[in-house]
Amino acid sequence: MNDVPSPMLIDGDENQKKDSFLKANNKGKSIVAALDSKPTPWVEKYRPQSLSDVAAHRDIVDTIDRLTSENRLPHLLLYGPPGTGKTSTILAVARKLYGAQYHNMILELNASDDRGIDVVRQQIQDFASTQSFSFGSKSSVKLVLLDETDAMTKDAQFALRRVIEKYTKSTRFALICNQVNKIIPALQSRCTRFRFAPLDPVHVVERLRYVIKVEGLDVTDSGLEALVRLSNGDMRKALNILQSTYMASQQITEEAVYLCTGNPLPKDIEQICYWLLNETFVESYKRISKMKTTKGLALVDIVREVTMFVFKIKMPSDVRVQLINDLADIEYRLSFGCNDKLQLGSLVSSFTRARSAILAAAK
Ligand SMILES: Nc1ncnc2c1ncn2[C@@H]1O[C@H](COP(=O)(O)OP(=O)(O)O)[C@@H](O)[C@H]1O
Ligand SMILES: [Mg+2]
């Protein structure tokens with residue numbers, strides 16, 4: 001224990017080092033600025049501040065905007081896949097309602113907070129039942145934001161039902177979740193439901209273009225397409241991939257994006273499918289195996305992408321059905337951690353069988 005230096009000492013050392021470093025350098029000021037400015041994740045930096053900033057979901061956002069303006073906000077239930085703007089929308093509503101007072105008037109609880117039955121009773125009741133002083137803000141109704149409500153226990157949800165009713169006069173509840181079927185019907189019927197669908201590629205591109213312009217990034221057209229393809233309508237994912245690709249390489253190309261996420265490139269998948277459809281069993285097995293190790297690809301990613309590719313190849317429909325079924329089985333087994341080599345063998349043999357079936361059908 002004795003030889004562990006105290007943290008105080010380390011801090012002191014660091015500061016002294018920094019001081020002397022700054023004194024020695026004429027450009028002390030700019031270095032201080034550089035040390036102070038922490039690189040913020042772009043998902044937070046570009047979180048929509050107002051409702052008009054929220055991309056897509058125009059009808060939902062306009063409805064909520066109108067209700068907010070008229071001070072007739074109902075209890076809300078927003079659901080849909082991650083990264084579609086649910087939390088951002090509610091935070092924008094809170095900003096619009098309370099302005100600078102927004103931190104006093106909103107209680108935010110998410111899945112990382114303890115939300116057992118006691119917390120719902122205590123924390124929410126305390127917040128909801130205290131008198132609110134809303135200096136200058138438009139509304140005196142407070143807002144309880146329950147993020148990831150689907151992770152709350154059933155008991156806590158039942159307790160919440162009663163709390164919602166009791167404090168409706170002074171408080172509005174906004175529930176957010178991914179899967180609406182995990183919310184008990186009694187809660188659902190107390191809220192106005194809005195579904196946030198995955199973002200349309202058009203809106204993802206628009207928002208990405210804005211970030212690219214502000215950050216002054218060098219992104220090729222195919223790089224942008226790759227970002228949209230890999231994000232699958234999840235704006236958070238799109239921004240995260242954009243930022244990590246930018247950190248890895250100056251120019252953001254299709255290849256850089258795929259390399260950064262570890263996904264197989266479309267041209268690699270094309271090559272693999274070509275081997276599967278034309279080479280002998282041994283030869284395709286060998287070549288795919290080699291490509292897997294040199295490019296560091298995961299078999300499960302290959303199987304997923306090859307499956308998408310099978311939809312584009314012309315073949316009799318019964319052969320296609322069988323092949324896709326086989327590929328689904330391989331993916332299933334891989335998810336249980338089965339041996340990669342055996343499953344690769346299984347992949348090649350599914351195609352070998354499909355090829356014989358195609359030949360037989362042609363005769
Ligand atoms: N509709 C949207 N318009 C603009 N940015 C969005 C949108 N949806 C998500 N984002 C981006 O993704 C991040 C996460 O969004 P968030 O609202 O927390 O998603 P959710 O709560 O639906 O998982 C935001 O900080 C923002 O940068
Ligand atoms: Mg969220």
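Histidine 57 turns out to be buried in this predicted model, since 23 other C-beta atoms sit within 10 Å and 20 or more is enough to count as buried. The residue belongs to the loop that runs between α3 and α4 (58-69). Its backbone is a little out of the ordinary as well: phi of histidine 57 is near 45 degrees, a positive value in a residue that is not a glycine. Most residues other than glycine have a negative phi.

Asparagine 232 also takes a positive phi, about 55 degrees, without being a glycine. This one is found in the loop between α11 (221-231) and α12. Is asparagine 232 buried or partly exposed? Its count is 14 other C-beta atoms within 10 Å, so asparagine 232 is partly exposed; a residue needs 20 or more to be buried, and 12 or fewer to be exposed.

Stepping back to the whole chain, the protein has 18 helices and seven strands. Buried residues account for 26% of its 363 residues. As for how the chain folds back on itself, 77% of the contacts with a separation of 6 or more involve residues 24 or more positions apart.

Several pairs of helices pack against each other. Take helix α7 (residues 117-129) and helix α8 (residues 154-166), whose axes lie 8 Å apart at an angle of about 25 degrees. Angles under 35 degrees count as roughly parallel, so α7 and α8 get that label. The crossing of α7 past α8 is right-handed. On the α7 side, the contact is made by Ile117, Val120, Arg121, Ile124, Gln125 and Ala128, and these meet Asp155, Ala156, Ala159, Leu160 and Val163 of α8. Sorted by class, the residues in this contact of α7 with α8 are eight nonpolar, one polar and two charged.

Helix α8 also holds isoleucine 164. This residue is buried, because 21 other C-beta atoms fall within 10 Å of its own. Leaving aside residues up to four places away in sequence, isoleucine 164 touches His75, Phe173 and Arg190. Isoleucine 164 and cysteine 191 are 27 residues apart in sequence, and their C-alpha atoms are 9.8 Å apart in space.

The next pair is set at another kind of angle. How are α10 and α11 oriented relative to each other? The axes of helix α10 (residues 201-215) and α11 come within 10 Å and cross at roughly 125 degrees. That value lies outside the 65 to 115 range for roughly perpendicular and is not over 145, the cut-off for roughly antiparallel, so α10 and α11 are oblique to each other. Their crossing is right-handed. Pro201, Val204, Val205 and Leu208 from α10 meet Leu224, Leu227, Val228 and Ser231 from α11. Split by class, the contact of α10 with α11 has seven nonpolar residues, one polar residue and no charged ones.

Further along come helix α14 (residues 266-278) and helix α16 (residues 299-310), with axes that come within 10 Å and cross at roughly 75 degrees. An angle from 65 to 115 degrees counts as roughly perpendicular, so that is how α14 and α16 stand to each other. Ile269, Ile272 and Cys273 of α14 make the contact with Ile302, Glu305, Val306 and Phe309 of α16. Six of the residues in this contact of α14 with α16 are nonpolar, none is polar and one is charged.

Finally, there is the ligand. Which residues come nearest to ligand 1? Of the 19 residues around ligand 1, the nearest are Arg47, Ala55, Gly85, Thr87 and Ser88. The shell around ligand 1 draws at least two residues from each of α3 (42-45), α5 (86-98) and α12 (235-248). By class, the shell around ligand 1 has nine nonpolar, five polar and five charged residues.

Helix α12 is also home to serine 244. With 14 other C-beta atoms within 10 Å, serine 244 is partly exposed. Its C-alpha atom is separated by 8.7 Å from that of valine 257, and the two residues are 13 residues apart along the chain.

Terms used
Residues numbered from 1 in each chain as written. Chains lettered and ligands numbered in written order. Predicted model: local features only at pLDDT ≥ 70, side-chain atom pairs only at ≥ 80, totals over all residues. Near = placed C-beta within 6 Å. Helix = DSSP H or I, 4+ residues; strand = E, 2+ residues; numbered from the N terminus. Nonpolar A, V, L, I, M, F, W, Y, C, P; charged D, E, K, R; others polar. Axes fitted to C-alpha atoms, helices over the stretch in contact; angles between N-to-C directions. Left-handed = near helix turned anticlockwise from the far one by under 90°. Contact = placed C-beta atoms within 7 Å.
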